[in-house]
Amino acid sequence: MNFKDYYTILGVEPDADDKTIKKAYKKLAVKYHPDVSKHPEAEEKFKEIGEAYEVLHNSEERAQYDELRHHHLNRSQSRGSAGQGWGQQNDPQTDQEFSDFFNSIFGGRHTGFEQGGQQRSSQTRRAKGQDVEMEFPMFLEETLVDTLKPVSFTLQQRDARGHIVEQPKSLKVKIPAGVANGERIRLKGQGGAGQTKADNGDLYLQIRYAPHPLFDVDGKDLSIVVPIAPWEAVLGTKLKIPTLTGNIQVSIPVNSQSGQRLRIKGKGLLSKKAHGDLYAVLKIVVPKSTDDTSKKLWTELAEKTTFDPRDSWSK
């Protein structure tokens, strides 16, 4: 196979800077774009300049390519081949050496050098479209059932003139029940358009639970702080506690303590395997103000009780 000089293909000097290379590429891309060009070899030309730009606009790959090109030039001169164009080389032995060398540098990325020009063109043409990843907020209540959610995002595409343009896109996506915080949902083919017949990129939604005003999340379990009065803690009571699906009645045991956790089975988040649990964390609170009647009763209680909350300090 023939060696290709990417500098010649783009019409720039080997010492051309990035700005010059980019300008030359854009000019030729517009000229030979298959959608607008009438040139009989427009598609091949377009693929060729795309391949050249792909290597030369990357400083690391360009340096490796320059080394490869220099090696090729020296071998050609030593064999008395000076005067032939880069694209006119047709020495199978030399080409095979370039193929091995090239692939050892690029890790097989540009496999066209060893598999033939047609294959190389195909590889270049069939570049997969851009993958898009975005965070996707979900309310906790929405995770309990399958949900159809609108998704809007913007893709960057190259138009027929080679310009980058923004293309808004909207979808309706089914989010499965039990989706977890941080889980990634792949929507195949909903990313950027692939070049020619290549596959489109994919859209990835990374699920993020929106903060809830009442519940804290711990894996598939939830917790909620439940304020109770001192007499409710001592005497026990029954009260309604909110859950993601509505209020339920819960019994507060006699002599409950502040910080005590009551497990309410199956009222947490839905996971792939089962429901999590809800934990009611009791917090004893006292009135911020006390009227005379209440103060009298508290005083009477203090005088008659033997309870000492700091009794353990003396032991």
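How much space lies in the second largest pocket? Hold on to that one for a second while I set the scene. What you're looking at is a predicted model, so please keep that in mind throughout.

Okay, the pocket. It holds about 490 Å³ of space. There are 14 residues lining the second largest pocket, and the ones closest to its centre are Pro230, Ala233, Val234, Leu301 and Phe307. If you want to find the walls on screen, look for two helices: α8, residues 230-235, and α9, residues 292-304, each give at least two residues to the lining. Which of the elements gives the largest share? That would be α8, with 5 residues.

Now let's step back to the whole chain. The protein has 315 residues, and 36% of them are buried. Its secondary structure adds up to 9 helices and 11 strands. And if you take contacts between residues at least 6 apart in sequence, 57% of those link residues at least 24 apart.

So what about the cores? The largest nonpolar core is made of 36 residues, and the ones with the most contacts inside it are Ile175, Leu203, Leu205, Val226 and Ile241. Two domains feed into this core: domain 2 (132-209) and domain 3 (215-288) each contribute at least three residues. There's also a second, separate core of 20 residues, with Phe3, Tyr7, Ile49 and Tyr65 among them.

Let's zoom in on Val226 from the largest core. Skipping neighbours within four places in sequence, Val226 is in contact with Leu239, Ile241, Ala280, Val281, Leu282 and Lys283. Notice that Ile241 is in that group, and Ile241 was also on our list of residues with the most contacts in the core.

Next up, a lysine. Lys149 sits in strand β2, which runs over residues 147-158. Is Lys149 buried or exposed? Its relative accessible area is 14%, and the cut-off for buried is under 20%, so Lys149 counts as buried. Its side chain makes a polar contact of 3.0 Å with the side chain of Glu142. Beyond the residues within four places in sequence, Lys149 is in contact with Phe136, Met138, Glu142, Leu171, Lys172, Val173 and Ile175. So Glu142 turns up in that contact list too, and Ile175 takes us back to the largest core.

Over in strand β8, residues 237-243, we find Thr243. Thr243 is buried as well, because its relative accessible area is 9%. What does its side chain reach? The backbone oxygen of Gly246, at 2.5 Å. Leaving out residues up to four places away, Thr243 touches Phe215, Ile248, Lys267 and Leu278.

Last stop, a couple of loops. Gly219 is in the loop between β6 (216-218) and β7 (221-228). This glycine counts as exposed, because its relative accessibility is 57%. Gly219 and Ser271 are 52 residues apart in sequence, and their C-alpha atoms are 9.1 Å apart in space.

Then there's Ala198, in the loop between β4 (184-187) and β5 (203-209). Ala198 is in a loop, but it is buried, with a relative accessible area of 11%. Its C-alpha atom is separated by 5.8 Å from that of Ala127, although the two are 71 residues apart along the chain.

That's my tour, so over to you for questions.

Key: Residues are numbered from 1 along each chain as its sequence is written. This is a predicted model: local features need pLDDT of at least 70, side-chain atom pairs count only at pLDDT 80 or more; totals for chains, interfaces and linings use all residues. Side-chain values use heavy atoms; hydrogens and water are left out. A nonpolar core is a set of buried Ala, Val, Leu, Ile, Met, Phe, Trp, Tyr and Cys residues joined through side-chain atoms within 4.5 Å. Buried means under 20% relative accessible area, exposed over 50%, partly exposed in between (1.4 Å probe, protein chains only). Domain bounds come from an automatic or database domain assignment. Contact means heavy atoms within 4.5 Å. Helices (H or I, at least four residues) and strands (E, at least two) are DSSP runs, numbered from the N terminus. A polar contact is a pair of N or O atoms within 3.5 Å; within protein, one must be able to donate a hydrogen and the other to accept it, and residues adjacent in sequence count only if both atoms are side-chain atoms. On a 1 Å grid over the protein atoms alone, a cavity is a set of points where a 1.4 Å probe fits but cannot get out, and a pocket is an open set with protein on both sides within 12 Å along at least five of seven lines; lining residues have an atom within 4 Å of a point. Grid points are joined across faces, edges and corners, and a volume is the space filled by probe spheres set on the points.
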